[in-house]
Amino acid sequence: MNGKTTNGEPLKEDPPTRETLKYWEDLVDAPVRRFGPLVVGTGLMDHLLDLMGEKHPIHDDAGFARTLDRQERIVPGGFIHSVTSGWTVQHGAPVAVIGMRRLAWDFLRPLYPDQPFWFTTETERSAEIDARRGTIDSVRRVFDEQGRTHAIGRMSLVVLRRAAAPGSTAADPPGSTTDSDSDSAERNTR
């Protein structure tokens, strides 16, 4: 994308620092975050289809898509997730994600290339794993300028807690777990 975001703005050059990263505590009670408008342009979509190989006819062939009562070929769902996640980092703040537990999307209506859209991200649930980590379950809603929902994504992330951040002066408490045993640690907190 030549050093620019999907809307032509320059990419941020500075890497995230401990002060700019969002940690588990920042997301537990965070307000709903709204982003947009975004557009997956025809050129970007063609480039991503070539790069990823996702050349199913519904994404790559407008004539085929029209035979299925679509206005145009449709943006692949994986692109919607990737673009909205990247937009959140570029225009919101990077999060100290250290793992992903689940990711699921419901695609309710097609999103077409060159169609403006917006999205929100909301924390639905949170849970402490231990002194170093917590989980954030979030919901992302993708909608158009008429407010019609096109997709709903649900993610469960393992996020670093502020006290465990690199450079933090807080030491890990005795008995804290490591990243490799996060599954057993979370089961023990349920």
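This short talk walks through a predicted model of one protein chain, beginning with the overall fold and ending with some backbone details.

Let me begin with the chain as a whole, which has six helices and five strands and which, read along the sequence, follows the pattern α-β-α-α-α-α-β-β-β-β-α. Of its 190 residues, 40% are buried. If we take the contacts between residues at least 6 apart in sequence, 72% of them join residues at least 24 apart.

I turn next to helix H5, residues 77-91. With 15 residues at 1.5 Å a residue, H5 should span 21 Å, and because its end C-alpha atoms are indeed 21 Å apart, the expected and the modelled spans agree. The buried residues in H5 are Gly77, Phe79, Ile80, His81, Val83, Thr84, Trp87 and Thr88. As background for reading such a list, an α-helix has 3.6 residues a turn, so residues three or four places apart point the same way. What lies over these buried residues of H5 includes the strands E1, E2, E3, E4 and E5, together with helix H2.

One contact between H2 and H5 can be followed at the level of single residues. Leu48 sits in helix H2, and with a relative accessibility of 16% it counts as buried, because the cut-off for that class is under 20%. Leaving aside neighbours within four places in sequence, Leu48 is in contact with Gly53 and Phe79. Leu48 and Phe79 are 31 residues apart along the chain, while their C-alpha atoms are separated by 8.2 Å, and Phe79 is itself among the buried residues of H5.

H5 also matters for the description of the largest pocket, whose volume is about 460 Å³. Of the 24 residues that line this pocket, Thr88, Ala93, Val95, Arg140 and Leu157 are the closest to its centre. Two or more lining residues are given by each of helix H1, E1, H5, E2, E3, E4 and E5, and the largest share, four residues, comes from H5. In terms of chemistry, the lining divides into 13 nonpolar, seven polar and four charged residues.

Now to the aromatic rings: what does a search of the whole structure find in the way of aromatic pairs? The search finds two of them. In one, the rings of Phe35 and Phe119 have their centres 5.0 Å apart and their planes at 25°, so this pair is stacked, the cut-off for stacking being under 30 degrees. Since Phe35 lies in strand E1 and Phe119 in strand E3, the pair ties together parts that are 84 residues apart in sequence. Both partners are buried, Phe35 at 9% relative accessibility and Phe119 at 0%. The other pair, Trp105 with Phe107, is stacked as well, at 5.8 Å centre to centre and 10° between the planes. Here Trp105 counts as buried at 16% relative accessibility, whereas Phe107, at 44%, counts as partly exposed.

Two further buried positions deserve a word, and they concern E4 and the loop that follows it. Ser138 is in strand E4 and is buried, with a relative accessible area of 6%. Not counting residues up to four places away in sequence, Ser138 touches Thr121, Glu122, Thr123, Glu124, Gly153, Arg154 and Met155. Asp144 lies in the loop between E4 and E5 and is buried too, with a relative accessible area of 2%. With the same exclusion of sequence neighbours up to four places away, Asp144 touches Gln115, Pro116, Trp118 and His150. Its C-alpha atom is 4.6 Å from that of Phe117, a residue 27 places away in sequence.

Finally, the backbone details. Most residues other than glycine have a negative phi, and most peptide bonds are trans. In this model, a cis peptide bond with omega of about 5° joins Gly36 and Pro37, and Pro37 belongs to strand E1. Asp69 is not a glycine, yet has a positive phi of about 65°; it is placed in the loop between helix H4 and H5 and is exposed, with a relative accessible area of 72%. Asp114 likewise has a positive phi, near 70°, and is found in the loop between E2 and E3, where, at 45% relative accessibility, it counts as partly exposed.

Notes:
Residues numbered from 1 in each chain as written. Predicted model: local features only at pLDDT ≥ 70, side-chain atom pairs only at ≥ 80, totals over all residues. Heavy atoms only, no water. Phe/Tyr/Trp six-rings, centres within 6.5 Å; stacked < 30°, edge-to-face > 60°. Buried < 20%, exposed > 50% of the residue type's maximum accessible area, 1.4 Å probe, protein only. 1 Å grid on protein atoms, 1.4 Å probe; cavity = no way out; pocket = protein on both sides within 12 Å on 5 of 7 lines; lining within 4 Å. Points joined across faces, edges and corners; volume = space filled by probe spheres on them. Nonpolar A, V, L, I, M, F, W, Y, C, P; charged D, E, K, R; others polar. Expected span 1.5 Å × (residues − 1). Contact = heavy atoms within 4.5 Å.
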